[in-house]
Amino acid sequence: MIELNHALRGGEGWPDSAGRLSEMDKKKEHVVIVGGGFGGLYAAKAMKHAPVNVTLVDRRNFHLFQPLLYQVATGSLSPEDIASPLRATLKGQKNTQFLTGQVIDIDPERKVIILEDGDEIGYDALVVATGASHHYFGHDVEWEDRAPGLKTVEDAIRMRRQLLLAFEAAERESDPDRRRALMTFVIVGGGPTGVELAGALGEMTRHTMREEFRAIDTANAQINLVEALDRILSTYPEDLSAKATAALGELGVTVLTNNLVIEIAGDYVLVKDTKTNDQALIPTYTVLWAAGVKASPLSRVLAQRAGAELDRAGRVMVQPDLTIPGHDDIFVIGDLANFSHQTGEPLPGVAQVAMQMGNYVADVLRRRRFNKAIRPFHYKDKGNLAVIGRNRAVADIHNFRFSGLPAWLIWALIHINFLIEFDNKLKVMVQWGWNYFTRRQGARLITGEASPVWMQLPVRHDSGIEDAAIHANADHVDTD
Ligand SMILES: Cc1cc2nc3c(=O)[nH]c(=O)nc-3n(C[C@H](O)[C@H](O)[C@H](O)COP(=O)(O)OP(=O)(O)OC[C@H]3O[C@@H](n4cnc5c(N)ncnc54)[C@H](O)[C@@H]3O)c2cc1C
């Protein structure tokens, strides 16, 4: 067991160097937060002045600004521009300790969380904010490797590598059909992530990379955005969906609505029209997944150990105060939580929901301590924004609808503002300014293991080496 007075040393409100806790500190509640994403980090920050000791645990040592991951995947930003080390972020917060570790179990009886190396951390109150990951609707095993999703820094780097390698392979390919397939991209899912990815890819092929190749014209790339519903951005008003479709069209993106992906192979994707049942085969080596999400595995732990009820996506059904029934000391927030008490429907899996939930939990703990009344959580929707490309975006903010440059400017300002560290705000601002005026992007590196690039390309070689399909994670390509 990692004892509070062992793990947390020094600083105001913490044990002295001999590990002694003052009488005041002994009375303080120990709040353990699992997950340093939007929910967990905002909960920790909101407890800065609270009379509690906080331990934040994350398997990564950084907070990741996921809304800009697609810019890493398409080479506009570097990974470190959108990640902030949690230890540095919480440096000035003396009542808070950060620990790196993967939580694998929770024992509500003993009030401890258990890390994968067997260490345990005791809590008085527990906040679980471990988010969600990709969901391939029952095809996880076959599709995960062929159609990478975008959730982690590694995902973004892998996507960037795959996109850039496709153009490198096309430049060297003499067969026109294979070349066309190499320059065809399929993005599955017409929500904000899919739209943003498709738009960024359109910018990259129509503008940024043009004239850099000799044998191919990147503007001939075919980018297909496949959506099962009858319009993209289905949570936005219809007119904004239509504007987004038009803006994507200007960037060379074909939007295939009412189309369901039914097969993803190494060199093609099969889609089915949901109205006519007609099937179409799209030859491609690059499929990017931006469709479903499922809750992180800790929700199953909460179901088994604490009897929490889960929805179909594995999210934890929470009570109006974000606790789980029978456990008023366990809060579940962010993407992991299904909060349906406000509208009857679960709140959307967006950063604002997670951040507001984090702030709310801090407030509940404060109110409990001072025996104040607790109101149910209430989400204040500040609006929706999706960017499509340079000067192209759509925004739906309190019934005001914007598109084009005004929406793009609002989007840029908001995203800069919500980056956690000042350093990152500055770097992203400079990088965007540079990209905007020069249309050049500096982070288009193909990185990975040391094997020669040509061995990872899906091009036939005289050496007799079998096609190393571009969808395969290059780390797994056998280069012996
Ligand atoms: C590509 C992409 C684009 C997005 N774009 C937008 C957007 O434009 N606007 C918007 O509002 N929202 C957007 N979102 C959604 C938004 O990022 C999420 O709603 C938000 O991150 C949820 O916050 P969270 O704290 O619940 O989870 P997360 O931010 O995912 O954080 C979960 C944390 O838990 C940690 N963790 C997980 N399991 C464990 C474990 N077992 N032990 C220890 N630590 C663990 C993870 O390392 C992570 O740091 C986007 C998401 C993605 C993936």
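Biologist: Is strand E12, residues 222-226, mostly covered or mostly uncovered, and how many of its residues are buried?

Modeller: This is a predicted model, and within it strand E12 is mostly covered, with four of its five residues buried. A residue counts as buried here if 20 or more other C-beta atoms lie within 10 Å of its own. In the protein chain as a whole, buried residues make up 44% of the 480 residues.

Biologist: Which strand is joined to E12, and in which sense do the two run, parallel or antiparallel?

Modeller: The general idea is that strands of a sheet pair through backbone hydrogen bonds, either parallel or antiparallel. In this case strand E11 (residues 184-188) is joined to E12 by five bridges, and the two run parallel, with Phe185 standing opposite Ile223 in E12.

Biologist: How do the side chains along strand E18 point?

Modeller: In a regular strand the side chains alternate between the two faces of the sheet. Strand E18 (residues 292-295) follows such an alternation, with Val293 and Ala295 pointing to one face and buried, while Gly292 and Lys294 point to the other and are not buried. E18 is joined by four bridges to strand E10 (residues 132-135), and these two run antiparallel; Ser133 stands opposite Lys294 in E18.

Biologist: What do E6 and E7 form, and which residue in the turn has a positive phi?

Modeller: Strand E6 (residues 103-107) and strand E7 (residues 112-115) pair in the antiparallel sense over four bridges, and Val103 has Leu115 in E7 as its bridge partner. The two strands form a hairpin with four residues between them, and Lys111 in the turn has a positive phi of about 55°.

Biologist: What is the order of the strands in the open sheet of three, and which strands stand at its edges?

Modeller: The order is E23-E24-E25, with antiparallel pairing. Strand E23 (384-389) and strand E25 (400-403) stand at the edges, each with a single partner strand, and therefore one side of each is left without a neighbour in the sheet. From one strand to the next the twist averages 5°. E23 is joined to strand E24 (residues 392-397) by five bridges, and Ala386 stands opposite Val394 in E24.

Biologist: Which helices lie across these strands, and at about what angles do they run?

Modeller: H9 lies across E23 and E24, running at about 25° to E23, whereas helix H13 (residues 404-418) lies across E23, E24 and E25, running at about 75° to E24.

Biologist: Where does the ligand lie with respect to the domains, and which residues come nearest to it?

Modeller: Domain 1 (4-59 + 101-131 + 296-369) and domain 2 (140-290) both give residues to the shell around the ligand, so the ligand lies between them. Of the 34 residues around the ligand, Gly35, Gly37, Gly39, Gly131 and Gly334 come nearest. Among the elements that give two or more residues to this shell are helix H3 (38-46), strand E2 (52-58) and helix H9 (192-208). By character, the residues of the shell divide into 15 nonpolar, 14 polar and five charged.

Biologist: Why does Ala156 count as buried, and which residues does Ala156 touch?

Modeller: Ala156, in helix H7 (residues 153-172), counts as buried because it has 25 C-beta neighbours inside 10 Å. Leaving aside residues up to four places away in sequence, Ala156 touches Leu69, Val72, Ala73, Pro79 and Leu150. Ala156 and Leu68 are 88 residues apart in sequence and 9.9 Å apart in space, C-alpha to C-alpha.

Definitions and conventions: Residues are numbered from 1 along each chain as its sequence is written. This is a predicted model: local features need pLDDT of at least 70, side-chain atom pairs count only at pLDDT 80 or more; totals for chains, interfaces and linings use all residues. A residue is near a molecule or strand if its C-beta atom, placed from the backbone, lies within 6 Å of it. Ala, Val, Leu, Ile, Met, Phe, Trp, Tyr, Cys and Pro count as nonpolar, Asp, Glu, Lys and Arg as charged, and the others, Gly among them, as polar. Domain bounds come from an automatic or database domain assignment. Two strands pair if DSSP finds at least two bridges between them. Axes are lines fitted to C-alpha atoms, for helices over the stretch in contact, and angles run from 0 to 180 degrees between N-to-C directions. Two residues are in contact if their C-beta atoms, placed from the backbone, lie within 7 Å. A residue is buried if 20 or more other C-beta atoms lie within 10 Å of its own, exposed if 12 or fewer, and partly exposed in between; C-beta atoms are placed from the backbone.
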